[in-house]
Amino acid sequence: MIGEKLPPPFIPRKIEDFIYYYYAKLVIAPSAGFQLNYRFIISTYKKLKAKEILLSDYDREIDLMLKDYASKCIFCDKYSINLEPTNVVSRKWDIPFGMQNIVMVCNNCKESKGNKNLIKWWCEDLGKERDQIPRVAIGIYLKIAYEYHKTNFSLDKKCSNLIELFE
């Protein structure tokens, strides 16, 4: 996969660890201004793993979306007065309907993504780097992945990349 750089070798290859590592790397670190700070990312991963800190609730993502993306597509950053809701994670995964799985996008991005896996669409179809997925979208994706696998008792299942969280 384009741009696939696995977590460091000491991170277990399990779903829960992938979620925590990428949440630390792609959500918390950029929000704190430390997106390239390896020490911060690993420290945050360890705190998530030890339950010293938790994944934020969906309200944070919704607030960011309303503030930063009120009139522009969350994926391509183009301004539009005709934004449409789309699911971050396909409804085929029986994700409960609700705003926590919805982002506002332009028609082009909505048609392009369709029901595709966010990571696969972003990296393979669009040819973009995984680490450049918009923070709000990847935050929602990882939170839903955590809830989905927690309720299905599969957080300990082996995992080799982010696409596998919903495949």
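## Fold, largest pocket and selected residues of a predicted model

From the N terminus on, the elements of the protein chain follow the order α-α-α-β-β-α-α-α, which comes to 6 helices and 2 strands. The model is a predicted one, and every value below is computed from it. Of the 167 residues in the protein chain, 48% are buried, and the accessible surface comes to about 8,900 Å², with carbon and sulfur atoms accounting for 54% of that area. Among the contacts between residues at least 6 apart in sequence, 62% join residues at least 24 apart.

### The largest pocket

Rolling a probe the size of a water molecule over the atoms shows where empty space is left. The largest pocket has a volume of about 260 Å³ and a lining of 13 residues, of which Lys 25, Leu 26, Pro 30, Gln 35 and Asp 131 lie nearest its centre. By residue class, this lining divides into 7 nonpolar, 3 polar and 3 charged residues. Two helices, α1 (15-32) and α2 (38-49), each supply at least two residues of the lining, and α1 gives the most to it, with 3 residues.

### Helix α6 and the positions beside it

What span should helix α6 have at 1.5 Å a residue, and how far apart are its end C-alpha atoms? The 17 residues of α6 (residues 135-151) should span 24 Å, and the end C-alpha atoms are 24 Å apart, so the expected and modelled values agree. The helix is also mostly covered, since 13 of its 17 residues are buried.

In the loop between α5 (118-125) and α6 is Pro 134, which counts as buried because its relative accessibility is 10%, under the 20% cut-off. Leaving aside neighbours within four places in sequence, Pro 134 is in contact with Ile 74, Phe 75 and Trp 122. One of these partners, Phe 75, is 59 residues away from Pro 134 along the chain, yet the C-alpha atoms of the two are separated by 6.4 Å.

Phe 153 is placed in the segment after α6, and its phi is near 55°, a positive value in a residue other than glycine. Most residues other than glycine have a negative phi, and most peptide bonds are trans. Asp 77, in the loop between α3 (58-68) and β1 (84-87), likewise has a positive phi, near 65°.

### Loop and segment residues

Is Phe 97 buried or exposed? With a relative accessibility of 64%, Phe 97 counts as exposed because that value is over the 50% cut-off. Phe 97 lies in the loop between β1 and β2 (102-105), where, not counting residues up to four places away in sequence, it touches Arg 91 and Ile 102. Phe 97 and Asn 87 are 10 residues apart in sequence, and their C-alpha atoms are 9.2 Å apart in space.

The table sets out the relative accessibility of four residues discussed above.

| Residue | Relative accessibility | Class |
|---|---|---|
| Asp 77 | 40% | partly exposed |
| Phe 97 | 64% | exposed |
| Pro 134 | 10% | buried |
| Phe 153 | 79% | exposed |

Asp 77 is partly exposed because its 40% lies between the cut-offs of 20% and 50%, whereas Phe 153 counts as exposed because its 79% is over 50%. The two residues with a positive phi described here are thus an exposed one, Phe 153, and a partly exposed one, Asp 77.

How values were computed: Residues are numbered from 1 along each chain as its sequence is written. This is a predicted model: local features need pLDDT of at least 70, side-chain atom pairs count only at pLDDT 80 or more; totals for chains, interfaces and linings use all residues. Side-chain values use heavy atoms; hydrogens and water are left out. On a 1 Å grid over the protein atoms alone, a cavity is a set of points where a 1.4 Å probe fits but cannot get out, and a pocket is an open set with protein on both sides within 12 Å along at least five of seven lines; lining residues have an atom within 4 Å of a point. Grid points are joined across faces, edges and corners, and a volume is the space filled by probe spheres set on the points. Helices (H or I, at least four residues) and strands (E, at least two) are DSSP runs, numbered from the N terminus. Ala, Val, Leu, Ile, Met, Phe, Trp, Tyr, Cys and Pro count as nonpolar, Asp, Glu, Lys and Arg as charged, and the others, Gly among them, as polar. The expected span of a helix is 1.5 Å times one less than its number of residues. Buried means under 20% relative accessible area, exposed over 50%, partly exposed in between (1.4 Å probe, protein chains only). Contact means heavy atoms within 4.5 Å. Accessible areas come from the Shrake-Rupley method with a 1.4 Å probe; for residues, only the protein chains shown count as cover.
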